[in-house]
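Biologist: Could you walk me through this one, and tell me what stands behind each term as we go?

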Amino acid sequence: MQRLTSLTIVRSFIIGKFVRPYQKYKAISEEEDAFRIKINDSLGQQMNIYSKIKLDSIVTRRGNLFYFSPVHDALEPSELGFRELDEKAIDSVTKSWRLYYITSNR
């Protein structure tokens, strides 16, 4: 079961968090975090981070980064610079967006 647990505006970021809680006999939960930043009135950027968590430690993180346009909803992510992110790239984006609290290598 997937559920939206929070939606908050922090500095021009819109943050969404989806949590798949621990399942019976499974010690790993999964989280999805979405961050957006507004570049101008017709363009923004979104980063999604997918984490697997065992107890209270992150086991793996992967993500993607792309542009979005409220003006051009019909555009495909590939047309908007869709890019896969590894752990190092996630940290690079979070630092440039000043999201220090989720950067793994502070």
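**Strands, core and pocket**

Modeller: Gladly! In β4 and strand β5 (residues 57-68), the antiparallel sense holds over 11 bridges. One word on the basis: this is a predicted model, where local features need pLDDT of at least 70, side-chain atom pairs count only at pLDDT 80 or more, and totals for chains, interfaces and linings use all residues. Residues are numbered from 1 along each chain as its sequence is written, and side-chain values use heavy atoms, with hydrogens and water left out.

Biologist: What makes β4 and β5 a pair?

Modeller: Two strands pair if DSSP finds at least two bridges between them, and a strand is a DSSP run of E with at least two residues, while a helix is a run of H or I with at least four, numbered from the N terminus. β4 and β5 have 11 bridges, so they pair. I49, for instance, has G63 as its bridge partner in β5. The hairpin of β4 and β5 has 2 residues between the strands, and L55 there takes a positive phi near 55°.

Biologist: How do you know that β3 and β4 pair?

Modeller: Strand β3 (residues 28-40) and strand β4 (residues 43-54) share 12 bridges in the antiparallel sense, so the definition is met. S29 has I53 in β4 as its bridge partner, and a hairpin of 2 residues joins β3 to β4.

Biologist: Why is R98 called exposed?

Modeller: Exposed means over 50% relative accessible area, buried under 20%, and partly exposed in between (1.4 Å probe, protein chains only). R98 is at 56%, so it counts as exposed. R98 sits in the segment after α1 (87-96), and has a positive phi of about 60° although it is not a glycine.

Biologist: What makes up the largest nonpolar core?

Modeller: The core has 11 residues in all: F35, M47, I49, L65, L85, A89, I90, V93, W97, L99 and I102. α1 gives the most to this core, with 3 residues. The name fits because a nonpolar core is a set of buried Ala, Val, Leu, Ile, Met, Phe, Trp, Tyr and Cys residues joined through side-chain atoms within 4.5 Å.

Biologist: And which residues lie nearest the centre of the largest pocket?

Modeller: D33, I58, R61, Y101 and I102 do, among 14 lining residues. β3, β4 and β5 are the elements that give two or more residues to the lining. A pocket is an open set of points on a 1 Å grid over the protein atoms alone where a 1.4 Å probe fits, with protein on both sides within 12 Å along at least five of seven lines; lining residues have an atom within 4 Å of a point.
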